[in-house]
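Please open the structure in a viewer and keep the selection tool at hand. The stops below indicate what to select next and what is found there.

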Amino acid sequence: MLRPIRTLAAAAAAVALVSACNSASTNGTSPGGSGSAAATTRGVTADSIKVGGIVSMTTAGGYSKKDTDLGAKARYLRANAEGGVHGRRIEYLGAEDDGQDPAKNMAAARKLVQQDKVFAVSPMSSVTFSGADFLEQERVPTFGWGTLPAFCGPRHIYGFNGCLVPTPGGTLNQTWPEGIGRILGGADGKSVAVIANDSDAGKFGIRTFQQGFTSAGFTVSYAKASVPGTAVPSDWSAYVKEILSSNGGKAPDAVVSVMQTPNNIGLFTALKRSGYKGLLSDPTDYDPGLLAQDATRQALDGVHVLLQFQPFESDTPDMARFKADIKAAAGGKEVPLNMHMLTGYMSADLFLAIAQKAGKELTVESFQAAAQGFSDTGTLVGDRALPKGQKDSFGCGALVQLKNGAYEVSVPFKCYEPIPFK
């Protein structure tokens with residue numbers, strides 16, 4: 001699935017270039033407009049910039065990314081309080097709910113462009129991005145978490161921490177292997193087992209992380225995308241048996257799960273009951289909401305979670321400002337922080353930074369020109385650079401450990417040298 005999607009994304013970019021030369025509907029302008037950029041650019045007036053979002057607010061399984069919307073709102077509110085972008089306030093329409101449904105994702109993209117006339121879509125956060133080709137063709141600057149192939153290649157689509165789906169000629173983020181190596185006192189002589197769902201995404205994850213851990217000096221004793229992707233197994237004993245004998249008949253030093261929380265709970269619980277004492281790690285379970293249930297908290301206790309942004313436990317000025325902005329957007333209430341908030345916040349932050357650089361005469365053309373030479377340092381996701389981020393990740397991250405009911409930083413936020421993806 002990944003390769004065809006990537007091919008379509010590349011094709012869409014080519015179509016967009018041709019279409020831009022032949023249709024006023026694809027260059028971010030309104031037909032018949034004249035005069036200043038504010039009079040001719042879709043979503044831009046003399047004193048405002050219209051922006052919308054697409055987020056999986058509700059899903060059939062109950063999983064929600066709704067706080068992505070709150071994070072974006074928080075960043076836009078601060079921007080407006082500081083005078084907007086070159087005097088233009090951000091008119092944030094909020095996020096359309098795609099229900100994690102491809103048809104609704106496409107419908108949301110069409111509504112935002114054709115009906116609401118937005119200049120940009122930021123944030124876009126969903127496991128589906130069927131509206132990507134349409135947004136690229138319509139030349140709509142779009143920002144989100146670059147975990148899907150559509151964030152890697154198209155000219156108008158940006159991941160807030162870069163492209164996280166490596167393509168040939170791209171690179172791999174080494175935060176996870178290097179961080180685990182640091183916890184274990186080095187990778188030399190150490191082994192790791194990597195397990196994922198039996199899906200295209202799981203198989204791709206196995207391929208990339210196997211390469212990353214090997215490059216960092218680990219022996220990858222087990223690497224399988226073997227867990228059903230449609231239902232959580234009721235019996236993990238077969239997986240546990242294989243993993244615990246994978247290192248020459250012994251247990252590996254670390255078990256890395258490239259799966260979602262329900263699978264992680266089942267696998268880690270089974271490993272602990274078997275007597276496994278090695279390191280456990282995953283990339284998804286950094287959420288204070290998970291600590292509300294005793295069983296979940298116990299299952300994930302001791303697990304090191306991969307982050308690609310500064311941990312909430314950091315005491316940096318940027319993190320303090322993020323927390324203050326979220327509180328303000330929540331009506332002055334203290335709310336539990338989660339990664340979805342930061343996804344929306346940093347999507348908005350990158351959009352604002354590029355729009356500021358584009359200058360007073362904001363058009364799609366001036367925005368794209370600003371993006372092509374954009375870079376900054378020391379953000380909540382590290383050093384950012386474009387167009388690098390449309391092919392590679394920004395290479396930064398941290399690890400936190402759930403310990404006695406609270407998260408602690410086990411490896412501080414740092415930017416690592418990426419490796420070529422093969």
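Begin by selecting residues 48-55, which form strand E1, together with strand E2; the two pair in the parallel sense over seven bridges. Helices (H or I, at least four residues) and strands (E, at least two) are DSSP runs, numbered from the N terminus, and two strands pair if DSSP finds at least two bridges between them. Within this pairing, Val-55 has Asp-97 as its bridge partner in E2. The model is a predicted one, in which local features need pLDDT of at least 70 and side-chain atom pairs count only at pLDDT 80 or more, while totals for chains, interfaces and linings use all residues. Residues are numbered from 1 along each chain as its sequence is written, and side-chain values use heavy atoms, with hydrogens and water left out.

**The five-stranded sheet**

Extend the selection to the whole sheet. Five strands make an open sheet in the order E2-E1-E3-E4-E5, with parallel pairing. At its edges stand E2 (89-97) and E5 (157-159); each has a single partner strand, so one side of each is left without a neighbour in the sheet. From one strand to the next, the twist averages 20°.

Next, add helix H4 (residues 102-115), which lies across E1, E2 and strand E3 (120-125) and runs at about 170° to E1. Then add helix H12 (residues 339-358), which lies across E1, E2, E3, strand E4 (142-144) and E5, running at about 155° to E3. For these angles, axes are lines fitted to C-alpha atoms, for helices over the stretch in contact, and angles run from 0 to 180 degrees between N-to-C directions; contact means heavy atoms within 4.5 Å.

**Strand E9 and its partners**

Now select residues 254-258, strand E9. Is this strand enclosed or open? Five of its five residues are buried, so E9 is largely enclosed by the rest of the structure. Buried means under 20% relative accessible area, exposed over 50%, and partly exposed in between (1.4 Å probe, protein chains only). In a regular strand the side chains alternate between the two faces of the sheet. Here Ala-254, Val-256 and Val-258 are buried on one side, and Val-255 and Ser-257 are buried on the other.

Display strand E7 (residues 191-198) as well: E7 and E9 pair in the parallel sense over five bridges, with Val-258 of E9 as the bridge partner of Ala-196. Strand E10 (residues 279-282) also pairs with E9 in the parallel sense, over three bridges, and Leu-280 in E10 is the bridge partner of Val-255. Adding helix H9 (residues 261-273) completes a right-handed β-α-β unit made of E9, H9 and E10. Right-handed here means that, with the strands pointing away from the viewer, the path from the first strand over the helix to the second runs clockwise.

**Salt bridges**

A search of the whole structure finds 15 salt bridges, each being a side-chain nitrogen of Lys or Arg within 4 Å of a carboxyl oxygen of Asp or Glu. Select Arg-78, which is buried at 12% relative accessibility. Its side chain meets that of Glu-82 in a salt bridge (3.2 Å, N to O); Glu-82 counts as exposed, at 54%. Arg-78 also forms a salt bridge with Asp-325 (2.6 Å, N to O). Arg-78 lies in helix H3 (residues 67-81) and Asp-325 in helix H11 (residues 317-329), so this pair ties together parts that are 247 residues apart in sequence.

Stay in helix H3 and select Arg-75, which is buried with a relative accessible area of 9%. Salt bridges link Arg-75, Asp-349, Asp-376 and Arg-384 in a network. Not counting residues up to four places away in sequence, Arg-75 touches Tyr-345, Ala-348, Asp-349 and Leu-352.

**The nonpolar cores**

For the last stop, select Tyr-286 and Phe-322, the residues with the most contacts inside the largest nonpolar core, which has 45 residues. Such a core is a set of buried Ala, Val, Leu, Ile, Met, Phe, Trp, Tyr and Cys residues joined through side-chain atoms within 4.5 Å. H12 gives the most to this core, with five residues. Apart from it lies another core, of 27 residues, including Ile-49, Tyr-158, Leu-350 and Ala-355.
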